[in-house]
Structure formats: C-alpha cells, structure tokens
Amino acid sequence: GGVLFSLEEGASFWNQFLTWRIFFASMISTFTLNSVLSVYHGNAWDLSSPGLINFGRFDNEKMGYTIQEIPIFIFMGVVGGILGALFNALNYWLTMFRIRYIHRPCLQVVEAMLVAAVTATVGFVMIYCSRDCQPIQGSTVAYPLQLFCADGEYNSMATAFFNTPEKSVVNLFHDPPGSYNPMTLGLFTLMYFFLACWTYGLTVSAGVFIPSLLIGAAWGRLFGISLSYLSKGSIWADPGKYALMGAAAQLGGIVRMTLSLTVIMMEATGNVTYGFPIMLVLMTAKIVGDYFVEGLYDMHIQLQSVPFLHWEAPVTSHSLTAREVMSTPVTCLRRIERVGTVVDILSDTSSNHNGFPVVESSPDATQVAGLRGLILRSQLIVLLKHKVFVERANLSLVQRRLKLKDFRDAYPRFPPIQSIHFSQDERECMIDLSEFMNPSPYTVPQEASLPRVFKLFRALGLRHLVVVDNRNEVVGMVTRKDLARYRLGKEGLEELSLAQT
C-alpha cells in the first residue's frame, strides 16, 4: 500500500529503480514497526502484526455481496465523489483565507486552539443532546460510556466521538445491526465533515486519511440502515459492508486515488473479497469528483506553489512552444573558464541555477559559441573544493585526478560556495570543464511544443532541458518550474506563481 501510494500521489517520475527504492523503504519500515509492536505487546520477535491501521477482518459468509448490489455500490461512489468535491471546495476557500490572513505564527497557534476548543465543545453538546442509548449486553464496545444513559446502557454518540478515529471506524464496520440510531449517524456525519474540513490545513500534523474514512463509514452505515428499512430487513442489507463502501467512496472522493487505495483498504480489512466493489466505488468517486474540482493533495500542492508535474500536459498547451516557456537569458560557462568567474556565478544570490550549459571557449568572437555540454552546480563545487585548476589555459592538468568517489562523498550535502576560500592568484587560474561536464545533454529546438517537452521531463526524470536554435547556440533553459507553472483553469491555460526554493 505504501509503495503504490507514494508512486501514485508523490512521484512525477516512475522507473524501476525508484520503485525498488520505495519498496525497500516500505519493507524496512514494516519490519521496524513489527519489531516495536512485538516488544510493546510483550511477545518479542513476533513479526506477524498487521500494522497500526487495522479495521478488522470481514466475515465472507455473513457479508457477501450479489450482482444486484453493484449498482448500489456505484451510486455510493457517486455520493462519495460529490461529498469529496464539496469537502475539497470548502477546504480550498478556507486555505486561501489562511494564506491571506492567518500567516503569523501567533495567529496560527490561536486558530489551532480555537479548533480544538470548538471540536471538544461540539462533541460534548452532541453527546449531551443525544438520547441514543444501547444495551451493553451483546455489544462489542470495549469501553462503553454511560454518560446520560440509564444503568446497563451506553451512549452510542459517545462511542463515535470519544474513541480514536481508527476505533470508531472499526465499530462502524463491525458492530451488529441496531447499534446506532440513524439520527445519531446523520448528526455525527454532518458535524465531523465540517470539523475535519476545518482541521485539515492547520499548522499541526493533522491528516485527512482516517477522518475521511470515518466520515464515509458513518454515512455508509446510515445508507445501509436506510436500505434495510426499504428492503424490509433483507439479509443483503447489512450496514457493515456499506460502511466499508462509504469509507472508500469518501476517501476516494477527497484524495482521488484508485490503485493504492484499493490495496490499502484490502490490507486494512484483510479481505480480498471486496476488492472488486472497492475498485468500482473508487473509480466512480474519482470520475465524479474530478468533474467538479481536483483532488485535495493536488489542490494543496498548487496552493503551496510546489513545482510538481502532473501525469499529462494541459490539453490546450499544444500551441505553446519551448521558446515561450523557457527561462532566458541563460548563464553559460566556457569550456575553459577562469576560476574567479565560476566562483562569482555560484556566489550570486540572485540566481539559484542548478545546471549551467558549457559553450565553446574560442577567442574568435565571430565564431558561433555552440553548446558543448552541461555541468551541475554540485560538480563545480567539488571541482573548486579539490582545487582542480591550473595557472594557464595551455597547461595540462597536473594535480591528482578526481575519482567518482570524490563526488559521491560530497553527496547529498554539498558544501556552500561561501565555505571555500580562494586567494587572488587562485581566482586568476583556469579550470577545464570538458573532462567533467556531460558532453551530450538533452536538448530541444526552440520550436518544440510544450507537450513534447513535458513528456521528456516525465519520462526521463529531467531537472533541466537546454533549448538551442538551428546553429546549436543556447537560447534558453526549461526547468520543472517552467512546466509546472502552466495548468488548465476555468478560463483556459493559466500561469501560476511558484515558490522560489
């Protein structure tokens, strides 16, 4: 589940090596979690724990589904997509308000305290007003809260609000029919929907995954209860499986993921039987939700101005060319360059370029300075740190030759250029970049269309692409930010402002 989640939602470049790295990281984290849980549960070296998110195993005999229920599941997917789109739209306007007015740390702390106070108040008022009392005998509630109910009874609303969200989801999935009053589930869904929408985006580590499942499980169980009323208690109208479908529909309608959520829901319930209806529900929720607004994660990526590349270029971008999206002018280096020039370029705080095209260093000004290669900022810093330069351009390199290990040792924390000291004599020395540059960087002509450039970045995992003219002269550079700046909005192709870091 973690591998598919990161690849589906967090990666803008997909290859086998990246997949293997994510799989290895997930495997190590699973082993670590199991080791800690085995000690916590007092059964050392037992590595069979299902993890932190476990919604209990569904019984196939009692909770099977028939072909007549498939349209019902699809309808639940439509409801999940609509509610997810509403959730995202409300959260979008709330986040815009936060960015505009609640940007000071003191105001962010006050807002977090206000949300906590309002949530606690709403919870207590709901429990106080609720008269949904269920008998303790025969119930599976671990910690029943009596509160305002009679002896031998527990408050159903308190069970939903006072438990951790994970435990509440399990109760909604597996509690027997009759454990919840329809009015209780309706009020709980309504309140929790707005509270979760308000909470997501606070400057605290609060996610949307489990709250979305809880909202969906609540209205899904309510849907199942309503269905059992309409079908006069038919055996296939068990509220538990509809709570599962509602949870999948709500989460799919908010985050718009299909592949990873199917696997995660099957892992969390320990049952492959519901794989097909979960797929149907998630696909329907995504299609319906995408008709209104984009997914919550995509929305916040855009609001935070992160240069994230989506799967496809905007459909109306075929008329744009590389000339129109590239950054220009480009800071180029000559093949044999003065050390002081390189240091000044790297020290310039107004530019944070990561790659520099290398052009032919010819004393003849009339000759075309064609592109010869590309060198990275990190490589230049390693060269300068190891003093790989000579006094005059016509002298051969007599210092020790650099090995690949020298570059690997500096990765990923390359020292800043300010930490390397150069004397005036060293600044006048010459550095030959031809040994260390990439002699065949990816280039495109300036007439190349934006979708073609976009596909190159997605398929090859590029960070920068050199744009050349018909004489192989450098005319611009396309970076991920240049591509992520464009998206399809309500009024056609829109240009966004992106973060500078």
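**Exercise 1. Surface and overall form**

Task: For this predicted model, determine how much surface the protein exposes and which atoms supply 61% of it, and then describe the overall form of the chain.

Solution: The exposed area of the protein is about 26,800 Å², of which 61% comes from carbon and sulfur atoms. Turning from the surface to burial, one finds that 45% of the 501 residues are buried. The secondary structure consists of 19 helices and 12 strands. The radius of gyration is 30 Å, whereas the globule rule gives 23 Å for 501 residues, and the protein is therefore more spread out than a compact globule. The extents of the C-alpha trace can be set beside this value, since along the principal axes it spans about 95 × 55 × 45 Å. As for the contacts with a separation of 6 or more, 70% of them are between residues 24 or more positions apart. Finally, the 39 positive and 39 negative charges have mean positions that lie 3 Å apart.

**Exercise 2. The sheet with the order S3-S5-S6**

Task: Work out which strands stand at the edges of the open sheet, and establish how S5 is joined to S6 and to S3.

Solution: The starting point is the strand order S3-S5-S6, which describes an open sheet of 3 strands with mixed pairing. The edges are held by S3 (333-334) and S6 (371-376), each of which has a single partner strand, so that one side of each lacks a neighbour in the sheet.

The next step takes the two pairings in turn. S5 (residues 355-359) and S6 run antiparallel and are joined by 5 bridges, and in this pairing Phe 356 has Ile 375 of S6 as its bridge partner, while Val 358 is matched with Gly 373 of S6. S3 and S5, by contrast, run parallel and are joined by 2 bridges, with Leu 333 bridged to Val 358 of S5. Val 358 thus has a bridge partner in S6, namely Gly 373, and is also the partner of Leu 333.

The last step concerns burial. All residues of S5 are buried, 5 of the 5, so this strand is largely enclosed by the rest of the structure. The cover extends to both faces, with Gly 355, Pro 357 and Val 359 buried on one side and Phe 356 and Val 358 buried on the other.

**Exercise 3. Backbone angles that call for inspection**

Task: Locate Arg 256, Asn 472 and Pro 329 in the chain, and state what is notable about the backbone at each.

Solution: The background to keep in mind is that most residues other than glycine have a negative phi, and that most peptide bonds are trans.

Arg 256 has a positive phi, near 60 degrees, and is placed in the loop between helix H9 (239-255) and helix H10 (259-269). With a relative accessible area of 6%, below the 20% cut-off, Arg 256 counts as buried.

Asn 472 also has a positive phi, near 65 degrees, and belongs to the loop between S9 and S10. S9 (residues 464-468) and S10 (residues 474-479) pair in the antiparallel sense over 5 bridges, with Val 467 opposite Gly 476, and the hairpin has 5 residues between its strands. The relative accessible area of Asn 472 is 33%, and the residue is therefore partly exposed.

At Pro 329 the feature is the peptide bond from Thr 328, which is cis with omega near -5 degrees. Pro 329 lies in the loop between helix H13 (322-325) and S3.

**Exercise 4. Burial within two helices**

Task: Find how many residues of helix H15 are buried, and then decide whether Thr 284 is buried or exposed.

Solution: Helix H15 (residues 377-385) is mostly covered, with 7 of its 9 residues buried; among them are Arg 377, Ser 378 and Leu 380. Just after this helix, Lys 387 takes a positive phi of about 55 degrees.

Thr 284 belongs to helix H11 (residues 275-292). Its relative accessibility is 14%, and Thr 284 therefore counts as buried. Beyond the neighbours within four places in sequence, Thr 284 is in contact with Ile 74, Gly 77 and Val 78. The separation between the C-alpha atoms of Thr 284 and Asn 54, which are 230 residues apart along the chain, is 25 Å.

Methods:
Residues numbered from 1 in each chain as written. Predicted model: local features only at pLDDT ≥ 70, side-chain atom pairs only at ≥ 80, totals over all residues. Heavy atoms only, no water. Helix = DSSP H or I, 4+ residues; strand = E, 2+ residues; numbered from the N terminus. Rg over C-alpha atoms; globule rule 2.2 N^0.38 Å. Buried < 20%, exposed > 50% of the residue type's maximum accessible area, 1.4 Å probe, protein only. Contact = heavy atoms within 4.5 Å. Areas by Shrake-Rupley, 256 points an atom, 1.4 Å probe, with all protein chains shown as cover. Lys, Arg positive; Asp, Glu negative; His and termini not counted. Charge placed at Lys NZ, Arg CZ, Asp CG, Glu CD. Pairing = 2+ DSSP bridges.
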